[in-house]
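Grab a coffee and open the viewer. Here are a few exercises to work through, each with a solution that goes step by step.

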Amino acid sequence: MTRFSHLTLRNFLIALHDLLATAAALFAAFYLRFDGGDGFFIRLPLLLTILPYFLAFSVVVFFVFNLTTTKWRFISLPDALNIIRVSTVLTVALLVLDYIFVAPNVHGTFFLGKVTIVLYWFLEISFLSALRLAYRYFRYTRVRRHARTEDAAPTLLIGRAADAEVLLRGIESGAIKRIWPVGVLSPSASDRGQSIRNVPVLGGIDDIEDVISDYAKRKKPITRAVMTPSAFESDAHPESVLMRARRLGLIVSRMPSLESGDTPRLTSIAVEDLLLRPSEAIDYARLEALIRGKAVIVTGGGGSIGSEICERVVAFGAARLLIVEHSEPALYAITEALAEHGTSAAVEGRIADIRDRERVLRLMAEFKPDIVFHAAALKHVPILERDWSEGVKTNIFGSINVADAAFAAGAEAMVMISTDKAIEPVSMLGLTKRFAEMYCQALDHDLSMQTGGSRPPMRLISVRFGNVLASNGSVVPKFKAQIEAGGPVTVTHPDMVRYFMTIREACDLVITAATHALAAKRSNVSVYVLNMGQPVKIVDLAERMIRLSGLQPGYDIEITFTGMRPGERLNEILFASEEPTVEIGVAGIMAARPNEPPMLTLRKWIAGLEQAIARDDRATIRTILKDAVPEFGSNAESGDPSEVMASVAVSGAGKSA
């Protein structure tokens, strides 16, 4: 129910309209029941006496059912149901008035009568609805008239009826402008021959050429096409649709999914939209319940993953957000982006390097976070193969600093963004991330033991996933740039495969993992692995991107193989052989049982690493890390790509066998 302090003049005018409609319905019901004869005029004095009290009661009913706070411009089925509810409550009130209060005590016989009451119910619904529907129709026709006159492009909608209906509502409300829908092509046979908000379904997706040709012959050329979310499902063959539409000279846009509360809008189609498996269904209410009102810190908040996590926690209602970032341009970019969104969260950005332990401890102690998302890391595999010590300083000691600072500041949870390369690692990226995972697992285990297995004061979890599309340093933007430059597109190995998912989905699932870890009943897992779907061959990805650009691989754009780089392997894996998997009952997420050495052993390794780092003793660093992670199999020390390729090929063959 709307608070009275929020009411405006418009709300009181609506209430006045509804009062007049209610009074008119009551008088009309009496007049029709008694044909305007003596019965009507005999009852009129008592009716006028009762009317003020009935109208006062009506005002209360209007506000209870939010009838006075709904914008007439958007009146729809829920509003119609509210009108029916209001009319029913008022009708029941008249029935009680007639049968209990008035008739026996005042009039001696029934004052209203059953026929009058039934007539009133129908008239009340009609009178309350009439002006609302008339106004809705007026706005609807005006928007359609403006859409047709303001250089709106004749547009074909592609997708199922439910998606098209959302888009059409966006056009009618004015949220989406300058397009005029002439028809829908739906992949669903049940939609054929139907109309959606007066826009006909002209056929299936395969009929696109025929429909475009037919409208061209009628001198009504279609110039645009909009692909809705259902047009990107694999059964709809989105690549084929896009290429055919472009061949026909159409400007093609897409409408993003509205599941996460996005405003209806049109965007350009990115290659990433066509490369994905269907996204996991995200329980956004669950994420909001975790984040709303919380104080959140995101380290590495200016990077691809970190910035998206910042966007999501703000969208889910965080009260305060501290962004920790060592890059000044990246920090400025993310704080400006959040400011443009007009968020209610108190957003603060601080320059800091997670290697600086005292700085990190001080920042977290001052901010007092509830949840820390640790996304800061060095992640480029070939670079870390060359600069080992930098990877150790950031990915291991930086993560230890963040974990210790989060615990000291009283956080409920620290969530570390890990990588699928941490599983049986062959690179320094994977090795350093695996060590950081082990530290978080050991600290999480020790905290649990201190509380006797009940919920500890803080949870520390790691979330592993593979490549995210369009992130900094990923192959998709690299291939785009190479295609735009005329090629060649460079691929390391013809059999190289990787897992891919969108940044949005990855970040939502990271937060989902945190909700599982922070459940009332403590789970016994601290390493989560996102379901990445089926792996994609990199060479196939390159060929598809070339074709989607309107070119032919091998003819317009060459694909060249450059050889595997140090620290790379052909196939990524999701779980180590000694990590039993756990089904946690959350869509899109798997988990691994803890498999960490004791904290005392980790402390000895950490002390040894500190001394080796101070001396820049790479041999000792490698020995300690190899001792900590025996499955480490990188040949990066030699830096010979041919050795790496041979080692990975043998390893891959052993796994497939």
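Helices here are DSSP runs of H or I with at least four residues, strands are runs of E with at least two, and both are numbered from the N terminus. Keep in mind that this is a predicted model.

**Exercise 1. Find where Asp616 sits, then work out what is unusual about its phi and how accessible it is.**

Step 1: Look between helix H18 (599-615) and helix H19 (618-628); Asp616 is in the loop there.

Step 2: Check the backbone. Most residues other than glycine have a negative phi. Asp616 is not a glycine, yet its phi is positive, about 55 degrees.

Step 3: Asp616 has 49% relative accessibility, so it counts as partly exposed. The cut-off for exposed is over 50%.

**Exercise 2. Do the same for Lys219: place it, give its phi and say whether it is buried or exposed.**

Step 1: Lys219 belongs to the loop that runs between helix H6 (208-217) and strand S5 (224-227).

Step 2: Lys219 has a phi near 60 degrees, which is positive even though the residue is not glycine.

Step 3: With a relative accessibility of 71%, Lys219 counts as exposed.

**Exercise 3. Describe how helices H13 and H14 pack: angle, handedness and contact residues.**

Step 1: Start with the geometry. The axes of H13 (residues 388-408) and H14 (residues 428-450) come within 9 Å, crossing at roughly 20 degrees.

Step 2: Angles under 35 degrees count as roughly parallel, so H13 and H14 are roughly parallel to each other.

Step 3: The handedness of the H13 and H14 crossing is right-handed.

Step 4: Now pick out the side chains. On H13 the contact includes Trp388, Val392, Ile396, Ile400 and Phe407, and on H14 it includes Met428, Phe435, Tyr439, Leu443 and Leu447. Sorted by class, the H13 and H14 contact has 13 nonpolar, 4 polar and 1 charged residues.

**Exercise 4. Stay on H13 and list what Asn401 touches beyond its neighbours within four places in sequence.**

Step 1: Asn401 is part of helix H13.

Step 2: Its relative accessibility is 6%, so Asn401 counts as buried.

Step 3: Setting aside those sequence neighbours, Asn401 is in contact with Ile354, Arg355, Asp356, Arg357 and Val360.

**Exercise 5. Repeat the packing analysis for helices H8 and H16.**

Step 1: The axes of H8 (residues 284-291) and H16 (residues 503-517) come within 9 Å and cross at roughly 65 degrees.

Step 2: The range from 65 to 115 counts as roughly perpendicular, so that is how H8 and H16 lie to each other.

Step 3: The crossing of H8 and H16 is left-handed.

Step 4: From H8, Tyr284, Arg286, Leu287, Leu290 and Ile291 meet Asp508, Ile511, Thr512, Ala514, Thr515 and His516 of H16. That contact divides into 6 nonpolar, 3 polar and 2 charged residues.

**Exercise 6. How many disulfides does the whole structure have, and how far is Cys310 from the nearest cysteine sulfur?**

Step 1: Searching the whole structure turns up 0 disulfides.

Step 2: For Cys310, the nearest cysteine sulfur is that of Cys507, 9.3 Å away.

Step 3: A disulfide needs sulfur atoms within 2.5 Å, so the sulfur of Cys507, 9.3 Å from that of Cys310, is too far for a bond.

Step 4: Cys310 counts as buried because its relative accessibility is 0%. Cys507, with 0% relative accessibility, counts as buried too.

Note on methods:
Residues numbered from 1 in each chain as written. Predicted model: local features only at pLDDT ≥ 70, side-chain atom pairs only at ≥ 80, totals over all residues. Heavy atoms only, no water. Axes fitted to C-alpha atoms, helices over the stretch in contact; angles between N-to-C directions. Parallel < 35°, antiparallel > 145°, perpendicular 65-115°, else oblique. Left-handed = near helix turned anticlockwise from the far one by under 90°. Contact = heavy atoms within 4.5 Å. Nonpolar A, V, L, I, M, F, W, Y, C, P; charged D, E, K, R; others polar. Buried < 20%, exposed > 50% of the residue type's maximum accessible area, 1.4 Å probe, protein only.
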